[in-house]
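Student: I have a new structure to look at and don't know where to begin. Can we go through it together?
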Amino acid sequence: MSLPRRRDVLASVGASASALAGCLDLDLGGTDGGDADAIVSLETVADGFAAPVAVSFRPGDDRPYVVDQPGRAYRVDDDGPTAVADLRDRMVSIGGGYTEQGFLGLEFHPDGSRAYVRYSAPRRSGTPENYSHTFVLDEVPVTGDGALAVDDERTLLEIPQPQGNHNAGDLAFGPDDHLYVAVGDGGGSGDRGTGHVDDWYDANAGGNGQDVTENLLGSILRIDPDSRTDGKPYGIPDDNPLVGRDALAEQYAWGLRNPWRLSFDDDRLVAADVGQNRWEEVNVIEAGANYGWNVREGRHCYDADDCPTETPDGDPLVDPVLEYSHDVGIAVVGGHVYRGSAVPALDGKYVFADWRQRLFLADPSGDDWTREDLAVAPGGGIERFVLAFGRDHDGELYVATDGNSGPGGSSGRLSKFAPADAADRDPTDTTASVASSVTTALSGTPPAPTTGDGGGSGSGGQGNGATPGFGVLAAFAGLGGAAARRLRRH
């Protein structure tokens, strides 16, 4: 793969059929975004990636670091991206088609001297032969020139993964200087099958999300890389909620299916959790909280007409602060609260997305957030699959997207949010053209792949591939009607 190149121009992002599927109502023929709750521009920072799934910033360094799913990381310098890490020799092989494995997470230690990388490795010692792969979390030194010394790694975690999907993978340091690690439920469908242990809820067999004693799957973990507990290569903070109990004390919160991207806003941790059949959700993560999977999906019973709202011990199954149905999207992508100054329209809002080409925002106050539509000038839609967000030291936001639904090709892009400029909008984007796009989207016709500059669908073109962490539903996002409804259960 050739290295991405920097482009300091506004992205010409037009109206998107997939972005408008559901209920986005924009009068894009006007000059003010019509019924959009907010409108912004996206300024391209770098492109040419295969599938940029994480964006991180090193303390004291204003340059974004981008994780590319097939196994490399780049730092975006003034003269273009520089490769700073290559994990391909220790990962499972990543092709161009549908896969949820790969290089999935990167976070820097608060002192900037070390980084933490999360990737999918072939089965290691302790991973059963009938399992898919091993979840690996390594600590690596950061060299004087900002590269990651991956050959000097120290492995912190190795978690057996039963299936190849629901890998989560995001990492974040909190204001407490502890590392928070998002872990999916082990894959498959419904938190059931090989590698899914029995839990207290008999209506659905299995349940790694509800288990806190057998494995670390379906949870947000909280560890201290700077200390050691009981011979482990990391410490377990004394105030973790399960310390002193008959449980795996690394777990900070549980009852999660596939938390795809998490972020801190001051001392508040927000995580998006990708749904199974019907509901996508955003959660404020609290110590010891149980978010209900696989008893509940969002605020609703999962695969049952009736279900409890608490465990047999009386612990509540915590509802999300925000949910939306699969009439709106199919795979939520967690973002950040905007704390910058360049885009007043986003001030104090939580900016997030659905993978299938939609951007959202919400007022992150109270216990019940309202999802609003975020339009992109000039055409309103984003026309790209959304993979991840990043926030720099000034509170400005970035979004990582791909023109394809899998890691083939080189159509991945890193963009920065900028103010919308009505003068730059394309006057040919009329209400009629948007209505046509909506009709196409609702009929289930997939959008054409975006090749961009040097891009291409490769073997992971739309309709054949997906993006990491979203289940097989996302892999077949372009299929409509009864076929798509059947696939949602796998």
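Student: What does the accessible surface of the chain come to, and how much of it belongs to carbon and sulfur atoms?
Tutor: This is a predicted model. The accessible surface is about 17400 Å², and 44% of that belongs to carbon and sulfur atoms.

Student: And what share of the residues is buried?
Tutor: Of the 490 residues in the chain, 62% are buried.

Student: How many helices and strands are there?
Tutor: The chain has 3 helices and 27 strands.

Student: Of the contacts between residues at least 6 apart in sequence, what share joins residues at least 24 apart?
Tutor: That share is 64%.

Student: Switching to aromatics. How many aromatic pairs turn up?
Tutor: A search of the whole structure gives 14 aromatic pairs. In one of them, the ring centres of Tyr350 and Phe352 are 5.3 Å apart with the planes at 25°, so this pair is stacked.

Student: Why stacked, exactly?
Tutor: Because planes under 30 degrees apart count as stacked, and the planes of Tyr350 and Phe352 are at 25°.

Student: Are those two buried or exposed?
Tutor: Tyr350 is buried, at 0% relative accessible area. Phe352 is buried too, with a relative accessibility of 0%.

Student: Which residues are in a cluster with them?
Tutor: Ring pairs link Tyr350 and Phe352 with Tyr324, Phe360 and Trp369.

Student: Which rings have a charged end sitting over them?
Tutor: Trp260 has the charged end of Arg261 over its ring, 3.9 Å from the centre. Over the ring of Trp293 sits the charged end of Arg257, 5.8 Å from the centre.

Student: Pockets next. What is the volume of the largest one?
Tutor: The largest pocket has a volume of about 700 Å³. It is lined by 32 residues, and those closest to its centre are Glu107, Phe173, Phe264, His336 and Arg391.

Student: Which elements give two or more residues to that lining?
Tutor: They are β3 (52-57), β7 (103-108), β11 (171-173), β15 (259-265), β21 (332-337) and β25 (385-391).

Student: Where is His393?
Tutor: His393 is in the loop between β25 and β26 (397-402). His393 has a relative accessible area of 42%, so it counts as partly exposed.

Student: What does His393 touch, leaving out residues up to four places away in sequence?
Tutor: His393 touches Phe57, Arg58, Pro59, Gly60, Asp61 and Asp62.

Student: How many residues apart in sequence are His393 and Arg58?
Tutor: They are 335 residues apart in sequence, while their C-alpha atoms are 9.1 Å apart in space.

Definitions and conventions. Residues are numbered from 1 along each chain as its sequence is written. This is a predicted model: local features need pLDDT of at least 70, side-chain atom pairs count only at pLDDT 80 or more; totals for chains, interfaces and linings use all residues. Side-chain values use heavy atoms; hydrogens and water are left out. Helices (H or I, at least four residues) and strands (E, at least two) are DSSP runs, numbered from the N terminus. Buried means under 20% relative accessible area, exposed over 50%, partly exposed in between (1.4 Å probe, protein chains only). Contact means heavy atoms within 4.5 Å. Accessible areas come from the Shrake-Rupley method with a 1.4 Å probe; for residues, only the protein chains shown count as cover. Rings of Phe, Tyr and Trp (its six-membered ring) pair if their centres lie within 6.5 Å; planes under 30 degrees apart count as stacked, over 60 as edge-to-face and the rest as tilted. A charge sits over a ring if NZ of Lys or CZ of Arg is within 6 Å of the ring centre and within 35 degrees of the ring normal. On a 1 Å grid over the protein atoms alone, a cavity is a set of points where a 1.4 Å probe fits but cannot get out, and a pocket is an open set with protein on both sides within 12 Å along at least five of seven lines; lining residues have an atom within 4 Å of a point. Grid points are joined across faces, edges and corners, and a volume is the space filled by probe spheres set on the points.
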